[in-house]
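Biologist: I would like to learn how to read the empty spaces inside a protein model, and after that how two helices meet. Could we take them slowly, one after the other?

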Amino acid sequence: MRAGLLVAALIASIAGTAWAQGASPYTVVGDAISQPLADKPGDPARGRAIVANRSVGLCLLCHSGPIPEERFQGNLAPSLAGAGGRWSVAQLRLRIVDGARLNPDTIMPPYYRTTGLQRVAKPFEGKTILTAEQIEDVVAYLATLKE
Amino acid sequence: MLLPAVFAASFALAQASADKTAADKRRSGYQDMGAALQKMQDDDTANPGMLFVQLGQQLWAKPAGAANKACADCHSLADMKGVAARYPAMAKDGDKPIDLEGRVRLCRTVNQQAEPLAPESRELLSLAAFVANQSRGLPIAPPDDPRLAPFRAQGAAIYQRRQGQLNLSCAICHDDNAGKKLAGVTIPEAHPTGYPLYRLEWQALGSLKRRLRNCLIGIRAEAYPSDAVEYVALEIYLMDRARGMVFESPGVRP
């Protein structure tokens, strides 16, 4: 009995981890997601660090932005400067979560989607590029970029 | 009297080559590098790839395996001219195409009856670089072999398909955004003109396959196993796309 319970608990915790790495459901209204993806409010300072990090956010591979200490920035996409002036928090959220919902041909990676992807490398399989918390951090940072 | 004729002739020649450059906008990765790296590639005494070519030349003449034969016992150097500029090709009795490294590995096991050379090993790359160097300066000229067509089509399809966690295709970067900056790096057009080539980042000579693998890993796609036909299919497609461009192995890249 006890062993059975333990196994059940173990399976539950494994399943729990997998759930945390995948994408939780969210609701799109118009061109935006108004409900935050995580309980904790996003932290702009952490968001900035994620955006600046070439192997976490990857944003500066394609975008430039007001992050002068990062010398190497991309020009495949518009500058992030002013993004918080152009878009509401809810609009920014959908653009990071899954920009393909707005532009099916977009080259911007879907940061919070695990479906419809081909041949994903094993270590990343079933995982979103950023977690719900990280997306909230990034959105909070972008919202500060008013000009 | 002679002077204007000579002038006219040389002018026509200059025009013809100018027209050719105007029509052909394709760029080798060489053209996207700074002057210092271009000079490094052009100068045989500075090009680190030439050390591998020299090693390959020694291995070429060295008998090996149960057959105790050297490459040089069966091949003249003249026979190797142009080979790298037209590979991958179908092996004589095989049903799958092989690339230059694959061809060298096959001769190693079948014709020399020696231990197989490991993929990306120094010996294999050196031999391939030596053979490839015999085609330096020649135009890339893939064979018109109908058996290659389905593999070329497979390569083209892989090239166009989005894959990996980042959901990108080769074409998105190398066709649609070539010349732009991915972080600090200029995205090249992905012409396989210089392989095997020396990459400063690798601190080593590497094959085209290694480069393709790097790009797959970059978009967080599952890399193919090293003997997968998908790599050769991509190579066939890329060589066809670069048909007529100058073969420049050993290239140097950042």
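Biologist: Which residues lie nearest the centre of the largest cavity, and how many residues line it?

Modeller: As a general idea, rolling a probe the size of a water molecule over the atoms shows where empty space is left. In this predicted model, the largest cavity has a lining of 13 residues, and those nearest its centre are B:Ala84, B:Leu100, B:Glu101, B:Tyr195 and B:Leu208. The space in the largest cavity comes to about 180 Å³, and its lining consists of ten nonpolar, no polar and three charged residues. Helices α7 (100-111) and α12 of chain B each give at least two residues to that lining.

Biologist: How many cavities of 30 Å³ or more does a search of the whole structure find, and what lines the second largest cavity?

Modeller: The search finds three such cavities, and the second largest has a volume of about 40 Å³. Among the residues that line the second largest cavity are B:Arg86, B:Pro142, B:Arg152 and B:Ile236, and by class the lining has seven nonpolar, no polar and two charged residues.

Biologist: At what angle do the axes of α9 and α12 of chain B cross?

Modeller: The axes of α9 (residues 149-160) and α12 (residues 229-241), both of chain B, cross at roughly 90° and come within 7 Å, which means that α9(B) is roughly perpendicular to α12(B). The residues of this contact divide into ten nonpolar, three polar and four charged; including B:Phe151 and B:Arg152 from α9(B), and B:Ile236 and B:Tyr237 from α12(B).

Conventions
Residues are numbered from 1 along each chain as its sequence is written. Chains are lettered from A and ligands numbered from 1 in the order in which they are written. This is a predicted model: local features need pLDDT of at least 70, side-chain atom pairs count only at pLDDT 80 or more; totals for chains, interfaces and linings use all residues. Side-chain values use heavy atoms; hydrogens and water are left out. Axes are lines fitted to C-alpha atoms, for helices over the stretch in contact, and angles run from 0 to 180 degrees between N-to-C directions. Helices (H or I, at least four residues) and strands (E, at least two) are DSSP runs, numbered from the N terminus. Angles under 35 degrees count as roughly parallel, over 145 as roughly antiparallel, 65 to 115 as roughly perpendicular and the rest as oblique. Contact means heavy atoms within 4.5 Å. Ala, Val, Leu, Ile, Met, Phe, Trp, Tyr, Cys and Pro count as nonpolar, Asp, Glu, Lys and Arg as charged, and the others, Gly among them, as polar. On a 1 Å grid over the protein atoms alone, a cavity is a set of points where a 1.4 Å probe fits but cannot get out, and a pocket is an open set with protein on both sides within 12 Å along at least five of seven lines; lining residues have an atom within 4 Å of a point. Grid points are joined across faces, edges and corners, and a volume is the space filled by probe spheres set on the points.
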